[in-house]
Amino acid sequence: MIPIVTPEEMAAIDAAAPEPVEELIERAGAALARTALDTLGGGYGRRVTVLAGKGNNGADGRAGAERLRRRGVRVAVVDANDAPNSLPAAHLAIDAAYGTGLRQPYSPPSPVPLLDHPNRAAPILAADIPSGVNGLTGEVVGEPWIADQTVTFGALKPGLILHPGAQHCGQVTVASIGLDVSSARTHLVAADDVSAWLPVRPAEAHKWQSACWVIAGSPGMTGAAHLAATAALRGGSGYVRLSTPGLEAAGLLAGPAAPIEAVGFPLSADDWAAAVDAADLNRFKAMLVGPGLGRQPHTLQAVRDLAAKSPLPLVIDGDGLCAFGPDTPEVLSQRTAPTVLTPHDGEYRILTGTAPGPDRFAAARSLSAATGALVLLKGPTTVIAHPGGEAVAVTSGDARLATAGTGDVLAGLICGLLSAGTDPLKAAAAAAWLHGRAAAARPPAAMAASDLLLALPEVWKGAVRQAAVR
């Protein structure tokens with residue numbers, strides 16, 4: 001996983017470094033110059049304009065400029081505090097005006113004209129973070145340049161991967177400059193991580209070793225249940241029991257095109273939690289409750305009763321989250337097995353009474369610490385927080401996932417991975433990564449949630465193949 005540190009944490013890491021700050025600046029400048037030369041395809045005959053501020057970010061830019069001069073690049077360094085609106089034309093512009101600590105709105109000069117093509121803007125390389133992007137939250141203050149590339153130093157910063165800041169960064173590269181970032185408690189999930197986390201069935205496996213129970217849907221609203229149950233199978237479960245309270249056995253597994261490959265188990269519409277509690281729970285390894293379940297008072301009470309009593313790892317999603325509110329910590333504190341909550345922003349507000357706020361890592365950690373549950377906070381960047389304080393981010397998804405039913409697929413995937421014995425944090429992170437990659441494998445428009453189910457086997461296969469090559 002790739003470390004992520006806040007600007008405050010990065011300042012402490014810088015201060016603890018045995019090397020003087022001048023040496024760190026030289027290393028950052030060298031990394032910036034290397035990337036610039038790669039982008040330019042060489043040095044001689046090339047021109048670069050550097051917009052440099054007065055702090056360490058500007059010093060990084062000036063150090064990079066000096067190294068570029070040594071390689072034959074003609075460099076113009078412009079003071080960001082006194083910059084004209086029109087900057088010298090160049091083959092590349094370097095944004096080293098302000099770093100992660102900027103708090104006030106910033107509007108830079110007009111983009112640097114591309115040399116020999118004055119009607120086009122030169123590509124932009126940002127030093128550490130595009131000036132005007134909040135390093136902690138990704139909020140954009142002012143009208144910053146949109147970088148084509150960003151070279152960040154030592155570790156990622158939250159603002160590079162949280163939106164809308166992430167949209168201003170282009171391709172992000174982490175340059176090692178010798179800093180010790182081992183104290184980071186936040187990480188970005190990479191493909192290598194997921195390939196190492198995916199469960200492998202032993203030769204002597206049988207279906208009950210990775211069985212899960214999905215309680216989802218409602219009469220007339222079975223789509224969510226079918227998506228979740230099938231996703232659990234795609235996520236590694238060998239046996240899925242599907243129950244939709246109030247729906248008879250004949251209607252449980254009837255899909256729109258083909259029967260659902262799960263085992264139906266009818267539950268009454270009322271007090272179904274008691275029937276679940278009395279069933280053979282010892283045969284199951286995980287449970288999912290909530291997608292499409294409905295929000296009738298007796299249903300929400302049954303979800304609360306189930307959460308308090310179930311001894312299984314439990315994923316609570318969709319309508320199931322609406323059973324909770326400000327007393328969520330008290331209800332979930334009765335649980336002895338892992339719990340995974342999967343709220344989007346509106347469900348987060350239901351659980352806490354407030355919106356997540358711009359610092360999404362802090363928001364997820366706060367709810368996780370209060371409830372003792374793992375919290376997967378959905379958004380353009382998915383943030384997953386563990387009650388112990390560890391957090392990870394997943395950026396594999398995109399706007400294709402803003403489609404009804406995709407959350408049901410994600411919840412089912414998590415449950416399937418849990419049933420296969422995957423650690424809860426890794427299960428949630430791997431599910432989110434697979435979910436995003438499955439969306440990326442589909443066309444950019446006209447995608448339905450069920451398309452993810454078709455793409456998942458190939459995405460999983462690709463991750464396993466990558467693990468085998470390592």
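## Exercises on a predicted model

Helices H13 (residues 406–419) and H14 (residues 424–440) pack with their axes 8 Å apart, at an angle of about 140°. The model is predicted.

**Exercise 1.** Classify the packing of H13 against H14 by its angle, then describe the contact.

*Solution.*
- Start with the angle, about 140°.
- Angles over 145 degrees count as roughly antiparallel, and 65 to 115 as roughly perpendicular.
- The angle of about 140° fits neither range, so H13 is oblique to H14.
- Next, the handedness: H13 passes H14 in a right-handed crossing.
- Now the residues. H13 brings Thr406, Val409, Leu410, Leu413, Ile414, Leu417 and Leu418. H14 meets them with Pro424, Ala427, Ala428, Ala430, Ala431, Ala432 and His435.
- Sort these contact residues: 12 are nonpolar, 2 are polar and none is charged.

**Exercise 2.** Is Gly29 buried or exposed, and which residues does Gly29 touch?

*Solution.*
- Locate the residue: Gly29 lies in helix H2 (residues 21–40).
- Take its relative accessible area, 0%. Buried means under 20%, so Gly29 is buried.
- List its contacts, leaving out residues up to four places away in sequence: Asp60, Ala63, Gly64 and Arg67.
- Check a distant residue. Ala399 is 370 residues from Gly29 along the chain, and their C-alpha atoms are separated by 35 Å.

**Exercise 3.** Decide whether Cys415 is in a disulfide.

*Solution.*
- Find the nearest cysteine sulfur: that of Cys212, 3.9 Å away.
- Apply the cut-off. A disulfide needs sulfur atoms within 2.5 Å, so Cys415 is in no disulfide.
- Widen the search to the whole structure: 0 disulfides are found.
- Add accessibility. Cys415 is buried, at 0% relative accessibility. Cys169 is buried, with a relative accessible area of 0%.

Conventions:
Residues are numbered from 1 along each chain as its sequence is written. This is a predicted model: local features need pLDDT of at least 70, side-chain atom pairs count only at pLDDT 80 or more; totals for chains, interfaces and linings use all residues. Side-chain values use heavy atoms; hydrogens and water are left out. Axes are lines fitted to C-alpha atoms, for helices over the stretch in contact, and angles run from 0 to 180 degrees between N-to-C directions. Helices (H or I, at least four residues) and strands (E, at least two) are DSSP runs, numbered from the N terminus. Angles under 35 degrees count as roughly parallel, over 145 as roughly antiparallel, 65 to 115 as roughly perpendicular and the rest as oblique. A crossing is left-handed if the near helix is turned anticlockwise from the far one by less than a right angle, and right-handed if clockwise. Contact means heavy atoms within 4.5 Å. Ala, Val, Leu, Ile, Met, Phe, Trp, Tyr, Cys and Pro count as nonpolar, Asp, Glu, Lys and Arg as charged, and the others, Gly among them, as polar. Buried means under 20% relative accessible area, exposed over 50%, partly exposed in between (1.4 Å probe, protein chains only).
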